[in-house]
Amino acid sequence: MRFFLFLFFCSVFAFSQEKFTLSGVVKAEESNETIIDAIIYFYETNQQVSTNSYGFFSINLPAGTHNYEVIKSGYQQFASTIEIDSDLRIEIEIDKSEKTQLKEVVIKKNSGKIDLKKPELSSHSLEIEQVKKMPVLLGEADVLKSLTFLPGVVNGGEISSGINVRGGAVDQNLIQIDEATVFNSSHLFGFFSVFNSDAIKDLKLYKGGIPARYGGRVSSVLDIFQRDGNNKEFHLNGGVGLLSSRLLAEGPLKKEKSSFLVAGRSSYAHLFLPLFDSGNKNKAYFYDLNTKLSFTLDDKNSLFLSGYFGRDVFSFEKSFINTYGNSIANARWNHIFSGKLFSNLSLIYSDYYYGLTLDAVGFNWNSGIQNVDLKYDFKHFISNKLKLNYGLQSTYHLFNPGIIEPNNADSEINRQQLDKKYALENALYMDVEHEVTSKFNVEYGLRWSNFLNLGKQKINYYKDNLPVSYNPEYDIYESENPISSEIIKSGKVINSFNNLEPRFSFAYQVSPKSSIKGSYNRMSQYLHLLSNTNAPTPLDVWTPSGKYIKPQILDQVALGYFRNIKNNMYSLEAEVYYKDIRNRLDYIDGADLIANNEIETVLLNGKSRAYGLELMFRKNKGKLTGWISYTLSNSEQKTPGRNSQETGINNGKWYSTPYNRTHNLAITSSYNLNDKWSFSANFTLLSGMPTTFANGYYTYQELTVPVYNSRNSDRLPTFHHLDLAATLTPKKNKDRKWNSEWVFGLYNVYNRRNPSFIFFERDSQKGNITNQLSIFGIIPSVTYNFKF
């Protein structure tokens, strides 16, 4: 810590000579939307600065004439000259690439180039145009599935929208849209993600080296930004696919001062089912709505109001109805105190709801989680060599594990409300971006997190303070019954957790074309997802840390080599990492997670670890662009005995997590043949998911009982498939404002039957029979996209 303070004060004094501050915002010329991560390079001083999440930048420059250029993937390079003799604030507008219409992103001279000086590794930014070009299942662009082509990222299967990052579980990912937390990221049980690609401006995934402004999860951060809306002119765009369609409208409320954006999406396959079966009353569909209002109040203040609402409905003969989805509302205020100090104040509400109606039993089930967040973040430009990010955050959590109610007069179900839980999560943080020398840059910071478990809540007490007991006779863990309980009054603090989370990363430029980067970060997670499935499902239940459930604590280190090749035509990234997590939840055998008011009686605190090698080679320019990524990794979990008499889960030995994919090869490419045709392809090959098979059977009282191997010691077969897509862009009529394209896709070209799971049956004559369930074979798709 003394070392960091020494560097900090040396920088303040060494670079305090008088210079003028040039600050401003970079915007898209056609829409006035702010642009994230645009690079502004100044030739005379050989300096560069990048825009923040709201398009703002600040840099100190000496008096005189300065030539500069602005670089951003998908936009034409913009060059200009500016005269500086005092502090100055400007607005820069850059144009889309000339060939960019609906889907195509043209890679310009420096696009795709690795910033060798920036102490940032284990992170990836994807242009939304890149996402739209990737071949996908059923032709619907999917933000989350596109991430699985990056090194270190896999998902739980073909119909899972959840992602596993560097061997982490789905609940260990912080997924945000406009800073609001998304708790369930899938539609139709994983066929689609909840993110409408037309409404998305930018996205960034952090796998490690995570800045101190982020917290609350121990695996990754996915930060997604919605578009602001065009405040110059009205536009309408959308698409029609085989199973779903979407429509977006945007335009000015007051020209160049305010704008609106409304985007809707819905599936409709269920509408055609009666055509094939007139008596079919089953339904499965989703819909979602993105909204945003943006106001430029003056040259120092901007206001953004955004929202999201999504629902999935699945019903079977009206006797089984399942409804679930996310709701989000967000208000953000940007204020520029000066050319050196930028702030953002956010007030956020997010809600995840799960509802189930089961007429056969006669009950309704409702559960969910609600958050109210207050964030105040500052970006302080001390000098060109020293920048500060600091702020505070507070989140109020309400957990509703479930309420069961009778849904008709004849129901024998009694109303039951499982105990609600309440918590308050707070944080203070500071990050320092520091250029120590022209070749050595560091980013260091500290986050203090605090979690308060609040009443009103019932607390159970158990013998020896252990809600789970060990039975040595059968070598199993069993749930204990409470010996007493206590009702804690509303608002009283039941448990308090405090953690300091240091963050550090560096970049050392070995040569003009290469650098070495490294990072260390500690993170704490106070919310836990209770699920005994390998992929996220709507019925997953969130619960807070408390008396019997400890916060998860992560320590992760990473080291990488980065190189730009052949005038940035190619780039290479190679990283190794190791991560260790304490207090990872595990479950006793046969754990009952649903409608369990004593959930602590089926949980054990364990630990996990993951380590691996990640490689990524990109081609950034030319008609053919894309990348190849490969990951060699291992992800394990261990729950040892709590004393010498207990053997622990799996005999206290390390075992593979359900998302441990040893090998992961992914290739994605795009080829622009001409102005009319473009083609893209994806190929995925990865190790099968760990599972547990029976290795024998015995008969007990005429019942056949399987005997299983050790936990997750087996694997499903290797998973692989090839996807292709072709995009036809009709010749544009200059007199018409209507632009369109046809996208033809083919998922799983060679019809690989990848197993989702394997199960066994015992036949008295044939012996063991192996059965495999595969979801998808070869699937064609066609989508029509338009823009007006």
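Me: Which residue in S27 is the bridge partner of Leu-398?

Reply: That's Tyr-422. Leu-398 sits in strand S25 (residues 386–406), Tyr-422 in strand S27 (residues 421–435), and the two strands run antiparallel. Bear in mind that this is a predicted model: local features need pLDDT of at least 70 and side-chain atom pairs pLDDT 80 or more, while totals for chains, interfaces and linings use all residues. Residues are numbered from 1 along each chain as its sequence is written, and side-chain values use heavy atoms, with hydrogens and water left out.

Me: What makes S25 and S27 a pair, and how many bridges join them?

Reply: Two strands pair if DSSP finds at least two bridges between them, and here there are 14, so the label fits. The strands themselves are DSSP runs (E, at least two residues; helices are H or I, at least four), numbered from the N terminus.

Me: How do you know that S27 also pairs with S28?

Reply: Same test: strand S28 (residues 440–454) shares 14 antiparallel bridges with S27, against a requirement of at least two. One contact point is Ala-423, whose partner in S28 is Asn-453. With 4 residues between them, S27 and S28 form a hairpin.

Me: Why are S8 and S12 called edge strands?

Reply: Look at the order of the open sheet of 5 strands, S8-S15-S16-S11-S12, where the pairing is mixed. S8 and strand S12 (180–181) each have a single partner strand, so one side of each has no neighbour in the sheet. For S8 that partner is S15, antiparallel over 5 bridges, with Glu-127 standing opposite Asp-202. For S12 the partner is S11, antiparallel over 2 bridges, and Gln-176 has Thr-181 as its bridge partner.

Me: Is S8 (residues 123–127) largely enclosed or largely open, and why?

Reply: Largely enclosed, because 4 of its 5 residues are buried. Buried means under 20% relative accessible area, exposed means over 50%, and partly exposed is in between (1.4 Å probe, protein chains only).

Me: Which residues touch the most other members of the largest nonpolar core?

Reply: Leu-147, Leu-150, Phe-195, Leu-203, Leu-222 and Ile-224, out of 29 residues. Helix H2 (128–133), helix H3 (143–147) and strand S15 (200–206) are among the elements that each supply at least two of the residues. "Core" here is a set of buried Ala, Val, Leu, Ile, Met, Phe, Trp, Tyr and Cys residues joined through side-chain atoms within 4.5 Å. There's a second, separate core of 19 residues, including Tyr-75 and Ile-94.

Me: What is Phe-195 in contact with, leaving aside neighbours within four places in sequence?

Reply: With contact meaning heavy atoms within 4.5 Å, the list includes Val-143, Leu-144, Ile-175 and Ile-224, and also Ser-185 and Arg-265.

Me: What makes the Asp-198 and Lys-132 pair a salt bridge?

Reply: The rule asks for a side-chain nitrogen of Lys or Arg within 4 Å of a carboxyl oxygen of Asp or Glu. This pair comes in at 3.1 Å, N to O, so it passes. Asp-198 lies in the loop between strand S14 (192–193) and S15, and Lys-132 lies in helix H2, so the pair ties together parts 66 residues apart in sequence. Asp-198, at 5% relative accessible area, is buried, while Lys-132, at 28%, is partly exposed.

Me: And how do you know that Glu-636 and Arg-609 form one?

Reply: Their closest N and O atoms are 2.8 Å apart. Glu-636 is in strand S40 (residues 624–638) and Arg-609 in strand S39, so this bridge links parts that are 27 residues apart in sequence. Glu-636 counts as buried at 13%, and Arg-609 as partly exposed at 23%. Asp-178, Lys-201, Asp-228, Lys-292 and Arg-332 are joined into one network by salt bridges that share partners. A search of the whole structure finds 31 salt bridges.

Me: Why is Val-576 called partly exposed?

Reply: Its relative accessibility is 41%, which falls in the middle class. Val-576 lies in strand S38 (residues 570–587) and belongs to a nonpolar surface patch that also includes Tyr-508, Leu-559 and Leu-632, with about 690 Å² of accessible area together. Those areas come from the Shrake-Rupley method with a 1.4 Å probe, where only the protein chains shown count as cover for residues. Patch residues have over 30% relative accessible area and no salt bridge; nonpolar side chains (Val, Leu, Ile, Met, Phe, Trp, Tyr) are joined within 5 Å, like charges within 9 Å.
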